[in-house]
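Please open the model in a viewer and keep the selection tool at hand. The tour below proceeds by selection, from one region to the next.

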Amino acid sequence: MDQASIKKILQSFPLFINLEEHELDAIVELAQIRTFQKETHIFLQGEILSNVYFIFDGKVKIYRLDAQGNEQIVNVLNKGAMFPHQGFFRNDSYPANAVALENALLFYIPIHSFEQFLIKNPVICIKIFRILGDQIVDLQNRLEEKILYNTYEQILLLILRLTKNHGERLIDTTYRITTQFTNRDLANMIGSSRETISRTFSQLRKKNLIDTDSNGFLIIDTDKLKEELI
């Protein structure tokens, strides 16, 4: 891929969209490209943090393993996302594992080079801080859900969150979640069990709060789910 093609792709990322030509040229010089096949790990928890990644195509799962080897899904990232969000301006290790959920095309920049670029480009630094701020708010909301809501309500909130991040609007308040998650995946996102997710989804279907299309994608009405939480 030539530099002009790389520059055009980088301009599609919200983080770089307002860069001047010479600033974008500097990023093109730093950026490297790699395709990761489905189920290939991009990095492992505890490895020395060496690169910051940007998703041009595909989906990436970020997850941790506890002392017993149980998986806890931190996030599922789509096109346009940057990761990891931890480690800038400090010597650190990757805080979690990252694996391609499907074939993924990633741009990556060595963390030291990216930090030097940020020092010279305060506007990008401000954008990074906003991204990190959004991550902090999301984590605070998830902690609040664990404290204030029962498991049934946590599952409803999880579905609404997935609709926001992975939803495709069909009509009015009806959405299709375009990423397929197993019951195990959903359970790992909130620290529940696969059986609890399955039982709760059966209840939601009986109440006509969720459905699935012919391809197995989850269909929901966000207004109905929000009313269920009241």
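Begin by selecting Arg176, which stands opposite Ile219 in strand E12. The model on display is a predicted one.

Extend the selection to strand E10 (residues 174-177) and strand E12 (residues 218-221), which pair in the antiparallel sense over 4 bridges. Next, add strands E9 and E11 to show an open sheet of 4 strands, ordered E9-E10-E12-E11 with antiparallel pairing. Strand E9 (167-171) and strand E11 (210-212) each have a single partner strand, so one side of each is left without a neighbour in the sheet. From one strand to the next, the twist averages 30 degrees.

Now select helix H5 (residues 151-166), which packs on this sheet and touches E9, E10, E11 and E12. The direction of H5 makes about 80 degrees with that of E10. Helix H8 (residues 222-229) may be selected next; H8 lies across E10 and E12 and runs at about 65 degrees to E12.

Proceed to helix H6 (residues 183-190) and helix H7 (residues 194-206). Their axes are 8 Å apart, and the helices pack at an angle of about 110 degrees; H6 and H7 are therefore roughly perpendicular to each other. To view the contact, display Asn183, Arg184, Leu186, Ala187 and Ile190 in H6 together with Arg194, Ile197, Ser198 and Phe201 in H7. The residues of this contact comprise 5 nonpolar, 2 polar and 2 charged.

Turn then to strand E3 (residues 51-57). Of its 7 residues, 5 are buried, so E3 is largely enclosed by the rest of the structure. E3 pairs with E8 in the antiparallel sense over 6 bridges, and selecting Asp57 leads to its bridge partner in E8, Leu105. E3 is also joined by 2 bridges to strand E6 (residues 82-83), and these two strands run antiparallel. Here Phe54 has Met82 in E6 as its bridge partner.

Which residues touch the most other members of the largest nonpolar core? Select Leu10, Phe16, Phe54, Phe83 and Phe114, which hold that place among the 41 residues of the core. Strand E8 (residues 104-110) contributes the largest share of this core, with 5 residues. A second, separate core has 23 residues, among them Val76, Leu186, Leu209 and Leu218.

Finish by centring the view on Phe16. Apart from neighbours within four places in sequence, Phe16 is in contact with Leu10, Leu24, Ile27, Phe54 and Phe114.

Technical notes. Residues numbered from 1 in each chain as written. Predicted model: local features only at pLDDT ≥ 70, side-chain atom pairs only at ≥ 80, totals over all residues. Heavy atoms only, no water. Core = buried A, V, L, I, M, F, W, Y, C linked by side-chain atoms within 4.5 Å. Buried < 20%, exposed > 50% of the residue type's maximum accessible area, 1.4 Å probe, protein only. Contact = heavy atoms within 4.5 Å. Axes fitted to C-alpha atoms, helices over the stretch in contact; angles between N-to-C directions. Parallel < 35°, antiparallel > 145°, perpendicular 65-115°, else oblique. Nonpolar A, V, L, I, M, F, W, Y, C, P; charged D, E, K, R; others polar. Pairing = 2+ DSSP bridges.
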